[in-house]
Amino acid sequence: MRTAHPAAIALLATSVISCESESSVDESSSARDSAGVTIVENTRPTWQAGDSWLVPETARVTIGVIGGDPAYELFRPRAAFRLSDGRIVIANSGTQELRYYDASGRHVMSVGGRGGGPS
């Protein structure tokens with residue numbers, strides 16, 4: 001017996017789903033087709049009553065300075081992520097670097113930078 005490759009199954013499922021012209025994804029959303037593009041409209045949030053985010057009144061970590069150590073000067077930061085070990089990575093587009101900070105905001109390292117190729 002021959003088994004299907006997972007990518008083939010995903011492609012088939014996507015094709016079948018996208019062929020539906022008007023369907024209900026679940027009770028909080030509906031999907032419709034518009035010239036081959038599936039549009040999903042959400043009518044309510046997926047979280048339940050009592051679910052919430054807690055945002056502290058003061059920042060746990062502050063990264064960034066105006067004038068000072070260059071490792072903390074950010075120029076056009078594009079994204080920040082917290083890694084599973086607590087480190088924070090900031091994509092600093094002005095220097096084209098990824099800057100790594102520990103959980104307390106201390107600079108650990110920077111990787112990347114502007115290349116030498118044509119601009």
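**Exercise 1. Find which residues Ile-90 is in contact with, leaving aside its neighbours within four places in sequence.**

Step 1: fix the cut-off, since contact means heavy atoms within 4.5 Å.

Step 2: skip the neighbours within four places in sequence and list the rest: Ile-63, Leu-74, Pro-77, Ala-79, Ala-80, Glu-97, Leu-98, Arg-99 and Tyr-101.

A word on ground rules: this is a predicted model, where local features need pLDDT of at least 70 and side-chain atom pairs count only at pLDDT 80 or more, while totals for chains, interfaces and linings use all residues. Residues are numbered from 1 along each chain as its sequence is written, and side-chain values use heavy atoms, with hydrogens and water left out.

**Exercise 2. Work out which residues make up the largest nonpolar core.**

Step 1: take buried Ala, Val, Leu, Ile, Met, Phe, Trp, Tyr and Cys residues and join them through side-chain atoms within 4.5 Å. Buried is under 20% relative accessible area, exposed is over 50%, and partly exposed lies in between (1.4 Å probe, protein chains only).

Step 2: read off the set, which has six residues: Ile-63, Ala-71, Tyr-72, Ile-88, Ile-90 and Tyr-101.

Step 3: put this beside the whole chain, where buried residues make up 17% of the 119 residues.

**Exercise 3. Lay out the strands and say in what order four of them form an open sheet.**

Step 1: count the elements. Helices (H or I, at least four residues) and strands (E, at least two) are DSSP runs numbered from the N terminus; the chain has one helix and seven strands, in the pattern α-β-β-β-β-β-β-β.

Step 2: order the sheet. Two strands pair if DSSP finds at least two bridges between them, and the open sheet reads β4-β5-β6-β7 with antiparallel pairing.

Step 3: look at the edges. β4 (77-82) and β7 (107-112) each have a single partner strand, so one side of each is left without a neighbour in the sheet.

Step 4: zoom in on one pair. Strand β6 (residues 97-101) and β7 run antiparallel and are joined by five bridges; Glu-97, for one, has Gly-112 in β7 as its bridge partner.

**Exercise 4. Find the aromatic pair and decide whether it is stacked, edge-to-face or tilted.**

Step 1: apply the rule. Rings of Phe, Tyr and Trp (its six-membered ring) pair if their centres lie within 6.5 Å; planes under 30 degrees apart are stacked, over 60 edge-to-face, and the rest tilted. That gives a count of one aromatic pair.

Step 2: classify it. Tyr-72 and Tyr-101 sit 5.8 Å apart, centre to centre, with 45° between the planes, and the pair is tilted.

Step 3: place both ends. Tyr-72 is in the loop between β3 (37-42) and β4, and Tyr-101 is in strand β6, 29 residues apart.

Step 4: check burial. Tyr-72 has 19% relative accessibility and counts as buried; Tyr-101 is buried too, at 0%.

**Exercise 5. Decide whether Arg-99 and Asn-92 are buried or exposed.**

Step 1: take Arg-99, found in strand β6. Its relative accessibility is 4%, so Arg-99 counts as buried.

Step 2: see what surrounds Arg-99. Beyond four places in sequence, the residues it touches include Pro-70, Tyr-72, Ile-88, Asn-92 and Met-109.

Step 3: turn to Asn-92, in strand β5 (residues 88-92). Asn-92 is buried as well, with a relative accessible area of 1%.

Step 4: list some contacts of Asn-92 outside its four-place neighbourhood, among them Glu-73, Phe-75, Arg-76 and Arg-99.
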